[in-house]
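Today I sat down to look up charged side-chain pairs and how open they are to solvent. Here is what I opened.

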Amino acid sequence: MGKKHHNKSIIPKKEASAAQQPDEFSQMSMEDFNGWKLEGDRAHVIASIKFIQHDFQCFSDWSKQDMKTFWNFINKLHKYNWKNLLATGGKVAKTGLAPTVIPIYKYPDNRFRRSIQNLVEMFELRVDNTKRVHGFRDGPVFFICWLDKNHRICA
């Protein structure tokens with residue numbers, strides 16, 4: 001079993017047996033792996049925690065169930081391209097992850113916020129009914145900067 005060099009799959013497939021279920025990665029296309037390389041809003045969303053402000057809230061503040069919800073959110077987020085993600089926002093009829101622009105002054109005042117305040121537009125994404133993550137976009141990447149499990153930042 002070797003790597004395939006066409007658009008179907010680049011992951012080696014395992015020998016199938018009657019008891020095995022299909023491996024979700026064996027069904028992935030080149031676009032699944034390289035969708036982030038597409039231009040503009042066609043690019044698939046990538047999440048990064050490079051700039052997370054753990055002094056406000058840290059993953060250790062989240063329960064095991066909260067973390068399960070977070071990882072489900074990340075899996076869902078990675079299925080979007082930017083065009084489709086941005087279409088779930090809106091003033092009234094928000095759906096899906098509901099990106100909402102948040103003024104920079106609403107965020108905790110720290111060196112990081114002051115360093116980015118004139119460089120990026122901050123927005124939140126809905127993890128679930130109460131949990132949010134806040135960050136900014138640079139190309140295909142959504143940089144998560146603040147975890148907000150109780151939706152406190154906008155309170």
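I began with Arg 114, which is partly exposed at a relative accessible area of 44%. This is a predicted model, so I read each entry as a statement about a prediction. Arg 114 forms a salt bridge with Asp 109, and the closest N and O atoms are 2.8 Å apart. I then checked the partner: Asp 109 counts as exposed because its relative accessibility is 53%, and the cut-off for exposed is over 50%.

Next I asked myself which residues are joined into one network by salt bridges that share partners. I found Asp 66, Asp 128, Lys 131 and Lys 149 there.

I followed Asp 66 first to Lys 131, where the side chains meet in a salt bridge at 3.4 Å, N to O. Asp 66 sits in helix H2 (residues 64-77) and Lys 131 in the loop between strands S3 (123-126) and S4 (132-138), so this pair ties together parts 65 residues apart in sequence.

Are these two buried or exposed? I noted both Asp 66 and Lys 131 as buried. For Asp 66 the relative accessibility is 11%, and buried means under 20%, so the label follows.

Then I looked at the other bridge from Asp 66, to the side chain of Lys 149, at 3.3 Å, N to O. Lys 149 lies in the segment after strand S5 (141-148) while Asp 66 is in helix H2, so here the parts tied together are 83 residues apart in sequence.

Last, I wrote down the total: the structure holds seven salt bridges.

Methods
Residues are numbered from 1 along each chain as its sequence is written. This is a predicted model: local features need pLDDT of at least 70, side-chain atom pairs count only at pLDDT 80 or more; totals for chains, interfaces and linings use all residues. Side-chain values use heavy atoms; hydrogens and water are left out. A salt bridge is a side-chain nitrogen of Lys or Arg within 4 Å of a carboxyl oxygen of Asp or Glu. Helices (H or I, at least four residues) and strands (E, at least two) are DSSP runs, numbered from the N terminus. Buried means under 20% relative accessible area, exposed over 50%, partly exposed in between (1.4 Å probe, protein chains only).
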